[in-house]
Amino acid sequence: MPELPEVETTRRGIEPFLVGQHVGRVLVRNPRLRWRVPSSLLKQLPGQRINTVSRRAKYLLLATDVGTVILHLGMSGSLRVVDSREPAGKFDHVELVLTNGDCLRLRDPRRFGAVLWTDADPNTHKLLADLGPEPLESTFSGAYLHQVSRGRTRAIRDFLLDGRIVAGIGNIYANEALFAAGIRPTRAAGRISRAGYDRLATAIRATLKRAIKAGGTTLRDFRGGDDKPGYFQISLKVYGRDGQPCLTCQTPIRIHRLGGRSAFFCASCQTLG
């Protein structure tokens, strides 16, 4: 699933082509995405100018004067700005056709993505209202993580995957940040010290920034708004490297099933917290 760096990479790729442009029509080839594409989108979006393209967690927000398009890439979705005359593919389900002849095209083979519409403040939408702070903003810190983790017995890896705690972090970057901070993913969130959380908050920000700079991680089919793959996968230290030697100490990377997902760690390097 595209995580924060992949969604931010997509946002940066499509933003220059959308801001200031007007939507001429909305073309829905298949409305059956994770949630059905609402009819209000087709009624209210045409004729509107796209004022901003922003991101909240793993959601992209296209703001107009009368409402906001809420986009989610699901498990396999991607967005590209193409010439509207370019033939659509089998998995190109939704298009926002611009008056300049381009279109924003959602390709989503597994159809877990979403294209929604709200005429209210998008931050009050049920999908966004309870999200935690953005990890790249100043409201996110080691002090915050330490405060909200007191008394929590949940494993720290799963704690970081909870969007109500911190927005947009998925399994890849949680594992990588925990390695960078020297914290084992199975450690109870409530047992990590303030110093440990200071290291972790720093590691999360640094990991996400490096991943965004690399255009995200392409393990299967992710491609950014410019239709290019990401390259952060070649920088991964633990994720997907079970059995391979740690790049720091040569100890084989271990894998552990945690909350239905795989957690990766080096038993020699990740002992702190």
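The exercises below work through helix packing, burial, backbone angles and ring pairs in a predicted model.

Residues are numbered from 1 along each chain as its sequence is written. In this predicted model, local features need pLDDT of at least 70, side-chain atom pairs count only at pLDDT 80 or more, totals for chains, interfaces and linings use all residues, and side-chain values use heavy atoms, with hydrogens and water left out.

**Exercise 1. Helix H5 and its surroundings**

Task: Find how many residues of H5 are buried and what covers them.

Solution:
- Step 1. Helices (H or I, at least four residues) and strands (E, at least two) are DSSP runs, numbered from the N terminus. Helix H5 covers residues 171–181.
- Step 2. Apply the burial rule: buried means under 20% relative accessible area, exposed over 50%, and partly exposed in between, with a 1.4 Å probe and protein chains only. By this rule 10 of the 11 residues of H5 are buried, and the helix is mostly covered.
- Step 3. Among the buried residues of H5 are Asn-171, Ile-172, Tyr-173, Glu-176 and Phe-179.
- Step 4. Contact means heavy atoms within 4.5 Å. The cover over the buried residues of H5 includes H1, helix H4 (156–161), H6 and E10.
- Step 5. Look just past the helix: Gly-182 follows H5 and has a positive phi, near 75°.

**Exercise 2. H5 against H6**

Task: Classify the packing of H5 and H6, and list the residues that meet.

Solution:
- Step 1. Axes are lines fitted to C-alpha atoms, for helices over the stretch in contact, and angles run from 0 to 180 degrees between N-to-C directions. The axes of H5 and H6 come within 8 Å and cross at roughly 125°.
- Step 2. Angles under 35 degrees count as roughly parallel, over 145 as roughly antiparallel, 65 to 115 as roughly perpendicular and the rest as oblique. H5 and H6 are therefore oblique.
- Step 3. A crossing is left-handed if the near helix is turned anticlockwise from the far one by less than a right angle, and right-handed if clockwise. H5 and H6 cross in the right-handed sense.
- Step 4. From H5, Tyr-173, Glu-176, Ala-177, Leu-178, Ala-180 and Ala-181 meet Arg-199, Leu-200, Ala-203, Ile-204, Thr-207, Leu-208 and Ala-211 of H6.
- Step 5. Ala, Val, Leu, Ile, Met, Phe, Trp, Tyr, Cys and Pro count as nonpolar, Asp, Glu, Lys and Arg as charged, and the others, Gly among them, as polar. The contact of H5 with H6 then has 10 nonpolar, 1 polar and 2 charged residues.

**Exercise 3. H1 and H3 against H6**

Task: Repeat the analysis for H1 with H6 and for H3 with H6.

Solution:
- Step 1. Helix H1 (residues 4–18) packs on H6 at about 40°, with the axes 9 Å apart. H1 and H6 are therefore oblique, and their crossing is right-handed.
- Step 2. Leu-4, Pro-5, Glu-8, Thr-9 and Arg-12 of H1 meet Leu-208, Ala-211 and Ile-212 of H6. These residues divide into 5 nonpolar, 1 polar and 2 charged.
- Step 3. Helix H3 (residues 142–149) packs on H6 at about 125°, with the axes 7 Å apart. That makes H3 oblique to H6, and H3 passes H6 in a right-handed crossing.
- Step 4. On the H3 side the contact uses Gly-142, Ala-143, Leu-145, His-146 and Ser-149, and on the H6 side Arg-194, Tyr-197, Asp-198, Leu-200 and Ala-201. The division is 5 nonpolar, 3 polar and 2 charged.

**Exercise 4. An aromatic pair**

Task: Classify the pair of Tyr-239 and Phe-264, and place both residues.

Solution:
- Step 1. Rings of Phe, Tyr and Trp (its six-membered ring) pair if their centres lie within 6.5 Å; planes under 30 degrees apart count as stacked, over 60 as edge-to-face and the rest as tilted. The rule gives 2 aromatic pairs.
- Step 2. The ring centres of Tyr-239 and Phe-264 are 5.1 Å apart and the planes stand at 65°, so the pair is edge-to-face.
- Step 3. Tyr-239 lies in the loop between helix H6 (194–213) and strand E9 (254–258), and Phe-264 in strand E10 (residues 261–265), so the pair ties together parts 25 residues apart in sequence.
- Step 4. Tyr-239 is buried at 19% relative accessible area, and Phe-264 is buried at 5%.

**Exercise 5. Loop residues**

Task: State where Arg-111 and Gln-250 lie and give their phi values.

Solution:
- Step 1. Most residues other than glycine have a negative phi.
- Step 2. Arg-111 has a positive phi, near 55°. Arg-111 sits in the loop between strand E7 (102–107) and strand E8 (114–118) and is partly exposed at 33%.
- Step 3. Gln-250 has a positive phi, near 75°. Gln-250 is in the loop between H6 and E9 and is exposed at 53%.
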